[in-house]
Amino acid sequence: MSAESVGRHMPAIATLDDLTAMSAADPHGHRYEISPEGVLSVMPPPDFEHAVIATRLMGWLIMAGWPLERITQAVGLRIPGSDDSVGGRIPDLVVWGKVPTQPRAVWLPVDGVLLVVEIISTGSKAADTVTKRAEYAGAGIAQYWTVDRDASQTVTMYRLAHDGYRVGATMPLAWVLNTAPADYLD
């Protein structure tokens, strides 16, 4: 899909249905997201290292007995805005406190989400550490983790406070994987 063809067929105001159609039509597997304010983001498909980090976190949760239907990768979340607008984000990993109420929907409500994880890729640092962090906090998601792609694969764990997220802990991914999910998820 060329930039010219996207621009020619791009709606003036993109909806979550538009994002779903764009993803379905994209032969390269890009992720399409939109902020509640209407800012469109297009990300390339995850690379190998990115996928391995997500898989390691999923395996950690599974080995600890977390129910499979409450762990998802790359599922769309409906992110409410401050003015009744809605955006759509596709976190790398979502941990649910209860099974989602609309399991066949493309864009799920954030009700029941305990944790959202974003693995920082080239070019996504500002979105992952500032924009999405504010959006997930505004949506009331209890915990937000970022995993940096540095040598230690540093995990920064944010907990929701009354005025946004506060850093609860920062540690290498290897350290996290040698602990129990129950140490972090309540």
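Helix α4 has 14 residues, and from its first C-alpha to its last it reaches 19 Å, which is close to the 20 Å expected at 1.5 Å a residue. The model described here is predicted, and in it α4 bends by about 40° at lysine 132. Lys132 is also one of the buried residues of this helix, together with Asp128, Thr129, Glu135, Tyr136 and Ala137. An α-helix has 3.6 residues a turn, so residues three or four places apart point the same way. After α4 comes glycine 140, whose phi is positive, near 80°.

The same helix takes part in the largest pocket, which holds about 400 Å³ of space. Its lining is made up of 22 residues, and those nearest the centre of the pocket are Met43, Pro44, Ser121, Thr122 and Ser124. The lining residues divide into eight nonpolar, six polar and eight charged. The elements that each supply at least two residues of this lining are set out below.

| Element | Residues |
|---|---|
| β1 | 31–34 |
| β2 | 40–43 |
| β8 | 113–119 |
| α4 | 125–138 |

Strand β8 belongs, in addition, to an open sheet of six strands, which follow one another in the order β3-β6-β8-β9-β10-β11 with mixed pairing. At the edges of this sheet stand β3 (71–72) and β11 (164–172), each of which pairs on one side only. Strands of a sheet pair through backbone hydrogen bonds, either parallel or antiparallel. In the case of β3 and β6 (residues 93–96), the pairing is antiparallel and runs over two bridges, and isoleucine 71 stands opposite valine 95 in β6.

Methods
Residues numbered from 1 in each chain as written. Predicted model: local features only at pLDDT ≥ 70, side-chain atom pairs only at ≥ 80, totals over all residues. Heavy atoms only, no water. 1 Å grid on protein atoms, 1.4 Å probe; cavity = no way out; pocket = protein on both sides within 12 Å on 5 of 7 lines; lining within 4 Å. Points joined across faces, edges and corners; volume = space filled by probe spheres on them. Helix = DSSP H or I, 4+ residues; strand = E, 2+ residues; numbered from the N terminus. Nonpolar A, V, L, I, M, F, W, Y, C, P; charged D, E, K, R; others polar. Expected span 1.5 Å × (residues − 1). Bend = angle between axes of the 7 residues up to and from the residue. Buried < 20%, exposed > 50% of the residue type's maximum accessible area, 1.4 Å probe, protein only. Pairing = 2+ DSSP bridges.
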